[in-house]
Amino acid sequence: MTTTSPPTQYTARWYNRAGIWIGIGINPASITLGGNLATKLETPALLWVVPIGAFCLWAICVAAGIIGRRRRTKFVEWSTNTFGIGAGAILINLSMALGMTGWAGFQMGLGGTSLANLFGINQASWIGVVGMGLLVLILGNLEVNKWNWFVWLTTLSSLAMALIAVIIALQLADTTRVAAPLTSTPQAIFSVITAVIAFASLFALRSTDFTWDLVSDRDVIIDATTFISVFLISVTIGVMLFRATGSPDLAVVLSGTPLALMGKAFLFVSLMSPALSTMVSGSLAWTGVIKNLSYLPATIMLVGVGTFLGLIRFDQSLILFLDWLAAIMPPAIAILLVSGLSERKFSTQVALTGWASGAAVAIVIKLSGGSFHLAAGAAVGLAVFLIGNRLFPAVSPSKNLEGQS
């Protein structure tokens with residue numbers, strides 16, 4: 001007599017993942033993003049331009065999350081099925097690894113500077129950056145990033161820091177006026193939309209890691225909506241801070257206020273969980289890029305490079321980093337979403353060719369000074385992918401979507 005295993009039960013609900021989504025939405029990075037965006041556009045324009053980018057980001061999160069839930073798959077399996085196990089796997093891992101390394105530089109720079117300021121060693125901020133790097137390396141290898149309570153601790157710290165930022169902005173609003181750009185050019189508008197989408201494009205793809213075991217599509221939508229809601233609040237706070245102080249650097253802004261001590265402490269704590277998550281995701285990605293590289297050496301390499309970037313204050317180049325990220329990722333995102341939402345089986349070689357073609361077009365347009373490289377790259381990549389699969393169709397059938405609500 002043979003027995004069959006009972007079907008796997010997927011019982012996670014949206015509130016089981018909410019801490020992760022909220023933590024990504026409202027944190028020092030999104031506040032800093034708001035400050036940087038305020039240097040590009042006047043506030044009235046930001047009020048309608050930023051929501052356009054946020055809606056696009058929300059749509060990517062929902063689509064990717066639903067793909068992960070319906071196919072019961074995480075990002076690694078999804079991306080490998082799309083781009084293949086050879087060059088495709090290396091390139092998607094390299095993109096993720098470089099993106100995570102850049103974010104590590106942001107977190108080390110801002111968090112380390114805040115840590116140095118917290119202990120009154122402003123003139124030797126490198127000590128704080130190195131100290132944060134060592135702390136992330138030690139805690140990350142103890143797998144403290146998997147502790148749910150730690151995620152909520154850093155999320156609550158982000159909320160507290162955001163509240164302090166609002167208080168500072170309101171206190172300085174009547175005494176300080178920072179001039180905004182006089183005109184809102186199409187190039188500036190496209191640049192802001194691009195930066196908003198690129199800000200969490202890697203997280204949007206990785207969101208499948210947090211949605212594959214959710215009960216329904218509704219849970220995915222609630223989590224994504226929660227993320228975008230707090231993200232918009234966070235960006236608005238960043239804009240307010242810049243208009244009040246003239247600086248998008250949170251560490252500098254918090255230093256000159258009566259609430260400086262609490263603000264710096266909350267800033268540092270709020271960056272620890274994202275830094276640990278970045279280390280884990282980036283290190284795993286690097287092991288997929290460099291042959292025979294094990295996890296521990298990968299963590300040392302990523303934290304080392306991230307610490308170096310922190311020492312040169314890479315966090316102050318956030319917009320530039322996001323702009324380049326937006327040049328190469330949109331074609332991959334478009335192809336991943338279209339293939340993931342379809343029941344057809346697509347050629348991995350054609351998918352890789354489409355991504356490479358779209359990224360090449362986006363980079364050429366960006367280097368020539370154009371501002372529409374994000375849309376152009378995604379359109380070209382998707383066109384090559386769809387036309388290529390018409391000419392060179394894959395032979396094996398695809399796994400049907402399952403678990404529809």
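Student: How many disulfides does a search of the whole structure find?

Tutor: Good place to start! This is a predicted model, and the search of the whole structure finds zero disulfides.

Student: Let's look at single cysteines, then. Is Cys61 buried or exposed?

Tutor: The idea is to look at relative accessibility, where under 20% means buried and over 50% means exposed. Cys61 has 0% relative accessibility, so Cys61 counts as buried. Cys56 has 30%, so Cys56 counts as partly exposed.

Student: And what share of the chain is buried?

Tutor: Buried residues account for 55% of the 405 residues in the chain. The accessible surface of the chain is about 17400 Å², and carbon and sulfur atoms hold 69% of that surface.

Student: Which elements should I look for, helices or strands?

Tutor: Look for helices: the chain has 17 of them and zero strands.

Student: How do I read the way two helices pack?

Tutor: Two packed helices are described by the angle between their axes and by the distance between those axes. Here, take helix α8 (residues 186–199) and helix α15 (residues 318–341): they pack at an angle of about 80 degrees, and their axes are 8 Å apart. An angle of 65 to 115 degrees counts as roughly perpendicular, so α8 and α15 are roughly perpendicular to each other.

Student: Which residues make the contact?

Tutor: From α8 come Thr194, Ala195, Ala198 and Phe199, while α15 brings Ile319, Leu322, Asp323, Leu325 and Ala326. Sorted by kind, the residues of this contact between α8 and α15 are seven nonpolar, one polar and one charged.

Methods:
Residues numbered from 1 in each chain as written. Predicted model: local features only at pLDDT ≥ 70, side-chain atom pairs only at ≥ 80, totals over all residues. Heavy atoms only, no water. Helix = DSSP H or I, 4+ residues; strand = E, 2+ residues; numbered from the N terminus. Buried < 20%, exposed > 50% of the residue type's maximum accessible area, 1.4 Å probe, protein only. Areas by Shrake-Rupley, 256 points an atom, 1.4 Å probe, with all protein chains shown as cover. Disulfide = S-S within 2.5 Å. Axes fitted to C-alpha atoms, helices over the stretch in contact; angles between N-to-C directions. Parallel < 35°, antiparallel > 145°, perpendicular 65-115°, else oblique. Contact = heavy atoms within 4.5 Å. Nonpolar A, V, L, I, M, F, W, Y, C, P; charged D, E, K, R; others polar.
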